[in-house]
Amino acid sequence: MREILLHIKTLLQSVRFKKYAKRFGFFVLGLIAILLLACGGLSIYFNQNKTEIIAKVNSKINENINGKFHIGDFHYKFLTGFPNFTLALKDVEIKDNQWQTHKRTLLNAKEIEVRLNVWSLLQNEINIHKILINEANIYVYKAENGYSNANIFKPKKKKDPKDKSETETTVDQIELSDVHFILDNRLGHKLFDFDVADLTSKVDYDGDDWQTDVFLDTQIASLAFNTVHGSFAKQKQLKGTFSVSYDSEKQKIDVVTKGLKIGTDGFDITAYFNLAKGNGLFGINIGTTILWQNASNLLSANISSKLNRFDLKKEIDVNCDIKGDFNAAGDPRIVVQAVIKNNELSIPDGLITDCSFKGIFTNNFKPKEGFNDANSAVILNHFAGNYENIPLKIPQLSINNLEKPLATGYVSSDFDVTKLNEVSNDKWIQFTEGHAKANLKFQFDIVDLYIQKPRFIGNVNVENVSFHFIPKNIHAEKISVQLDFTEKALLIKKIAYKHNKNIIYIEGKIDNFLNLYYDAPEKMVVNWDIYCPNIDLKQFLGVLTSSQKRKEAPKNKTMSNQLRTAIEKCVVDINIKADKIYYNKLTATNTKAEIQMIDSRLIIKNGSLQTSGGSINFSTTVSPNGKNFNLISNAQVNRVDIASFLRSFNNFGIKSFSPNNIRGKLTSKANVTGLINSKGELITNSMHGKLDFNVNQGALLNFEPIVKIGKFAFPFRDVKNITFSDLSGNLNMRGEQIDVNDFTISSSVLNLDAEGIYSFGRGTNLALTIPLRNSKNDAKLASKAERDAVRDRGIVLHLIALDDEGKMKIKWGKKGK
């Protein structure tokens, strides 16, 4: 190394090296002098030929335009762009011939720097190799009639290839700085508005074809393919390099860019633009991986306003394909495809977790119906996710017509029903166990992006469900249900209800379910066929209690509160058959009835049952009244054991008379109203209405009023054990008091007629007519006419049974006295 350094030092100090170094220095100085002389010569040439050069520039430009080209000032930039001749044009303005009509200037630039080829210039030719535009406004305008101020450029005359020369005018490089560019297409309702901070392009020519890499840094003020709907990527920065090529034969520009920044996200874009006369077709394909909200905010307002109501937590892979015609009105064709995997989807109705699907948006769902919202659709394929922890699988879902969205598709689910407790904040039902499977074809409206009026065709199977229906305070256990949704009806099959000793089997049908459920639930009729091996009727009266006060319904109805509304308003028709029904101490067999439930009222028609050795036919209405129930009943009792019957109904609240005081077969006809408490028991003194009755093969045993009369009037007769051939009455019940219109006893001890008022409390005033003759043998007479003929013979007592401070008092007197 020391030897090499020593050799170099010796060479630099040699006479020979100094000689050549001196000559090289003079050569460099000579080149600089020549450069200065050349530039000075060009400056002198420019100054001497300034008028001629400007005239040639104006002539060169004006011969290619239909309009006016104006330069405010110009000067030569010394040494800039050497060896090219650089001319700076100041206050440049280009207007087309119809500027006075539309008032839009095609170009208004503070400075345009033009670099001309020196050798061509010396040969009296103008070749522009570079244009730099600074602080300019470019406004390309197309009127509704199709006229454009960009048509200012005259078409080139085609030359024979033999006539082409290398000195033909070209522009090899373009640079823009601080340029405001607007493309205003009133015919196609399109508006592109860009603030270009920097644009650099160097063009490579191949005959009439060319290609270039364009670096662009711009702010997007508007990228509106339809000004009615708004701009794409509004107020976003766009920065990147485009590979642009032009095919002169096809008159088409192709653009490709990778990693283009729009806002904070990167995009791969491929595009083409046709420039041939009458052909404004274009296509743009955009691919990216992006967050949902970022992607939505890049779209036009008519789309983003809807998409912003949704969100996906993780990034998604998106491809957007746009194809249209710059010369056509309306939107271009837009197809957006996205792939979502293991994401979290927020929708207006809730949250879907573990969400995966392929989504497609198109604004041309039916090819011949145009590119618009009414013909737009969102299609989801292979959708899977958990809605409020309920698993959903949707092979395909399509949402058509974004003006009035309608969704259709298929859904399946398999889940524990306890997960339904998490779906709604409107807590009206609480599930404790059970499992459900659903396979449904669905259709629903979307109003303000909320699901409205979902309709289903298919089936739902529910097994071993237990729940608490809070508004009615009803507990149900181990219920199984099979639902079949058809276009004409909802079929309800195989419901099995078991609770304590109660067993109920139910099948049902709701005609026109899909329409009435939403539009007129009060007209919806649920037809039930119910069979009960065993049922305790009192346990079911809670179904009719008043619902808990509901909170004000939300503005947007959910499926949960819609179902609750339908349950409360629908009409229920029930055909019931029961082997055994228990009510208090009453046991009924072979029960049949037609039952309706309307607005919390229970209406029973054509009821029949067997009990206490006889039968009862009845029609009844039970309706809520606060904590109690109003009872309206028409009943026909045929030869039931009167003691057993009275015990079943707690003797109807009568305290002065016991079922132990009577035996016999009761036949009666009643038309009454009353009150039943929440325990299913008749409220004492609440009965009103008419009651006609007759007891055959009867006996009165230790009946206090008769015993008192017997001690007073018949001390030697057995009034504690009276058998009778006739015990009948016609009563008008008025709560605590009963109007006794006709009460007749024909017995083995005495005959008695009563008329007046009998009270369960205070106010008894009964007129009693009692023949003194012994009626012991009257029953042996052959006919009723014979018995009636002798009934009132002899001495007849007229007594009054009065209430005396809560005790029964007997005194002489007749009715009305």
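**Notebook: strand β30 and its surroundings**

I began with a strand pair: β29 (residues 628-641) and β30 pair in the antiparallel sense, over eleven bridges. The model I am reading is a predicted one. As one position in this pairing, I noted I632, which stands opposite T673 in β30.

Next I looked up what β30 does with strand β31. The two run antiparallel, and eleven bridges join β30 to β31, which covers residues 688-701. Here I picked out K665, whose bridge partner in β31 is N696. So β30 is paired with β29 and also with β31.

I then chose one residue of β30 to follow. S668 lies in this strand, which spans residues 662-676. Is S668 buried or exposed? Its relative accessibility is 6%, and because buried means under 20%, S668 counts as buried.

Which residues does S668 touch, once its neighbours within four places in sequence are set aside? I listed A635, Q636, V637, L691, D692 and F693. I checked these against the strand ranges: A635, Q636 and V637 fall within residues 628-641 of β29, while L691, D692 and F693 fall within residues 688-701 of β31.

I turned to the chain as a whole. I count eleven helices and 37 strands in it. The chain has 817 residues, and buried ones make up 42% of them. Of the contacts with a separation of 6 or more, 52% are between residues 24 or more positions apart. The exposed area comes to about 44,400 Å², with carbon and sulfur atoms supplying 54% of it.

I looked for the largest nonpolar core and found that it has 169 residues. Those with the most contacts inside it are L89, I112, W528, I706, L752, L768 and I770. Strand β19 (residues 429-447) gives the largest share of this core, eight residues. A general remark I keep beside this: in soluble globular proteins, nonpolar side chains tend to be buried together.

From that list I followed I706. Leaving aside neighbours within four places in sequence, I706 is in contact with L700, V719, I722, I745, L750 and L752. L752 is also on the list of core residues with the most contacts.

Last, I looked up the confidence. The chain averages a pLDDT of 79, and 80% of the residues score at least 70. Over residues 544-556 the pLDDT is below 50, and this stretch has 25 contacts in the model beyond near neighbours in sequence. Where pLDDT is low, the predicted coordinates should not be read in detail.

Methods: Residues numbered from 1 in each chain as written. Heavy atoms only, no water. Helix = DSSP H or I, 4+ residues; strand = E, 2+ residues; numbered from the N terminus. Buried < 20%, exposed > 50% of the residue type's maximum accessible area, 1.4 Å probe, protein only. Contact = heavy atoms within 4.5 Å. Areas by Shrake-Rupley, 256 points an atom, 1.4 Å probe, with all protein chains shown as cover. pLDDT = per-residue confidence, 0-100. Core = buried A, V, L, I, M, F, W, Y, C linked by side-chain atoms within 4.5 Å. Pairing = 2+ DSSP bridges.
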